[in-house]
Amino acid sequence: MADDTQDPTRIPGAPHPRETVNLIGQDAAQAAFLDAFNGGRLHHAWLLTGPRGVGKATLAWRIARFLLATPDPDPDDMFGAPVPATLDVSPDHPVARRIAAGADPGLKSVHRTENEKTKRLRDQITIDDIRALGSFFQLSATDGGRRVVIIDAADDMNVNAANALLKMLEEPPARTTLLLICHQPSRLLPTIRSRCRTLRLGTLDPQQMEQAMAQAGVDPGPDATALAELSAGSVGDALRLSLLDGLKIYREVIHILGTLPNLDRGRALVLAEAAAGRGAEEKLDLLYTLIDVALSRLARTGALGHPPPVEAAPDEGAILMRLAPHAQQARAWAQTAQTALARARHGRAVNLDPAALVLDTLFKLSEMAPAR
């Protein structure tokens with residue numbers, strides 16, 4: 001099995017997308033790709049878009065396995081190989097085995113890499129990561145002469161990397177398919193988007209969420225409803241919440257919001273320190289994500305005049321209604337959230353103390369809260 005310790009495309013504790021057997025809830029996207037393949041209209045570049053955690057990476061790896069294991073259809077051969085009806089490839093197929101081991105010579109995966117000096121993951125995909133594809137394209141192709149590149153996520157490319165990729169899209173290598181996973185297409189160069197065919201993936205319904213989590217080996221138990229509420233149809237987000245104690249963190253965030261404007265400094269400090277210890281980068285990311293979710297639910301409560309129909313924490317509805325009783329307060333919370341979270345992002349970018357940043361954010365929220 002490949003070493004995924006520094007792979008940002010994998011949720012810690014969950015299977016890697018290449019290990020996920022089935023793709024749940026995205027039949028339309030799979031059918032669209034298969035139709036293009038069977039009709040001899042295989043585009044050289046595909047843009048897989050949709051919210052985070054709905055299966056874009058799983059689809060990319062399914063397509064890669066399929067392309068490397070399946071010969072081209074011959075529309076003039078009435079008695080040739082049968083037209084594939086699904087993207088399924090047997091786990092025992094040699095291509096599937098090599099991909100599972102991270103050792104197929106026809107496949108290249110590009111993602112954010114480790115900075116050799118800091119030993120931390122870079123914030124962006126760099127031009128060197130894209131230029132490295134040049135040597136990959138020069139290798140002799142195997143398994144029918146096909147090559148596949150997965151870029152996860154294309155949104156992470158810096159300007160130079162994006163321009164380098166654009167040149168490849170303008171003069172695509174023969175027998176090569178590029179699969180660009182993209183959470184926010186608006187962040188890509190329009191010229192990149194125009195040279196790709198788009199596959200859009202949607203959010204999952206509660207039943208599909210339950211099936212996808214079971215496939216990943218996670219049983220949400222009594223927390224299933226709260227996980228579905230906070231993840232908004234993203235199984236990736238639901239897995240992250242479940243595996244990193246996200247519900248416990250969210251409930252603590254709501255409890256602390258409930259103490260405003262008289263911030264419970266003791267509990268705030270405990271929360272900040274828990275998300276800022278050694279090796280707690282994932283927890284810190286999750287904490288700020290959940291603060292953002294809480295503030296979004298808070299602003300929506302004031303705008304709509306009622307709390308969300310499903311509570312994700314004890315007394316959440318009452319707390320949100322007290323803090324945002326009307327639309328004017330909702331707008332103020334939305335502005336505060338934008339300012340506080342931007343301030344936190346800047347602080348993290350310049351490596352300020354994480355615990356101090358979390359406390360600073362909570363103090364800013366305390367200043368905004370209406371008197372009891």
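The following paragraphs describe selected side-chain interactions and one helix packing in this structure. The model is predicted, and the residue positions discussed below should be read in that light.

The salt bridges offer a convenient starting point. The model contains 15 salt bridges. One of them brings together the side chains of Arg195 and Glu170, with a nitrogen-to-oxygen distance of 3.8 Å. This pair connects distant parts of the chain, for Arg195 belongs to the loop between α7 (190–194) and β5 (197–200), whereas Glu170 belongs to helix α6 (residues 159–170), and the two are 25 residues apart. With a relative accessible area of 28%, Arg195 is partly exposed. Glu170 is likewise classed as partly exposed, at 44% relative accessibility.

A further set of salt bridges is centred in this account on Arg348. The side chain of Arg348 forms a salt bridge with Glu281, and the closest N and O atoms of this pair are 2.8 Å apart. Because Arg348 is located in helix α15 (residues 327–349) and Glu281 in helix α13 (residues 281–304), the bridge ties together parts of the chain that are 67 residues apart in sequence. The relative accessible area of Arg348 is 24%, so this residue counts as partly exposed. Glu281 is also partly exposed, its relative accessibility being 39%.

Arg348 has another acidic partner in Asp285, and here the closest N and O atoms are 2.6 Å apart. Asp285 lies in helix α13 and Arg348 in helix α15, so this salt bridge ties together parts that are 63 residues apart in sequence. Asp285 has a relative accessible area of 33% and is therefore partly exposed. Through shared partners, salt bridges join Arg120, Glu281, Asp285 and Arg348 into one network.

Aromatic side chains provide the next topic. The count of aromatic pairs in the model is three. In the pair formed by Phe136 and Phe137, the ring centres are 5.8 Å apart and the planes stand at 50°, so the arrangement is tilted: this angle is neither under 30 degrees, as stacking would require, nor over 60, as an edge-to-face pair would require. Phe136 and Phe137 are both buried. A contact of another kind involves Trp61, where Arg18 lies over the face of the ring at 5.9 Å from the ring centre.

Helix packing can be followed at α9 and α11. The axes of helix α9 (residues 224–231) and helix α11 (residues 246–258) come within 11 Å and cross at roughly 75°. This crossing angle falls between 65 and 115 degrees, and α9 and α11 are therefore roughly perpendicular to each other. Where the helices meet, α9 contributes Ala226, Leu227 and Leu230, while α11 contributes Leu247, Tyr250 and Arg251.

Finally, helix α5 may be considered through one of its residues. Gly134 is located in helix α5 (residues 133–138). The relative accessible area of Gly134 is 22%, so this glycine is partly exposed, since only values under 20% count as buried. Gly134 and Leu178 are 44 residues apart along the chain, and their C-alpha atoms are separated by 13 Å.

Conventions: Residues numbered from 1 in each chain as written. Predicted model: local features only at pLDDT ≥ 70, side-chain atom pairs only at ≥ 80, totals over all residues. Heavy atoms only, no water. Phe/Tyr/Trp six-rings, centres within 6.5 Å; stacked < 30°, edge-to-face > 60°. Buried < 20%, exposed > 50% of the residue type's maximum accessible area, 1.4 Å probe, protein only. Lys NZ or Arg CZ within 6 Å of the ring centre and 35° of its normal. Salt bridge = Lys/Arg side-chain N within 4 Å of Asp/Glu carboxyl O. Helix = DSSP H or I, 4+ residues; strand = E, 2+ residues; numbered from the N terminus. Axes fitted to C-alpha atoms, helices over the stretch in contact; angles between N-to-C directions. Parallel < 35°, antiparallel > 145°, perpendicular 65-115°, else oblique. Contact = heavy atoms within 4.5 Å.
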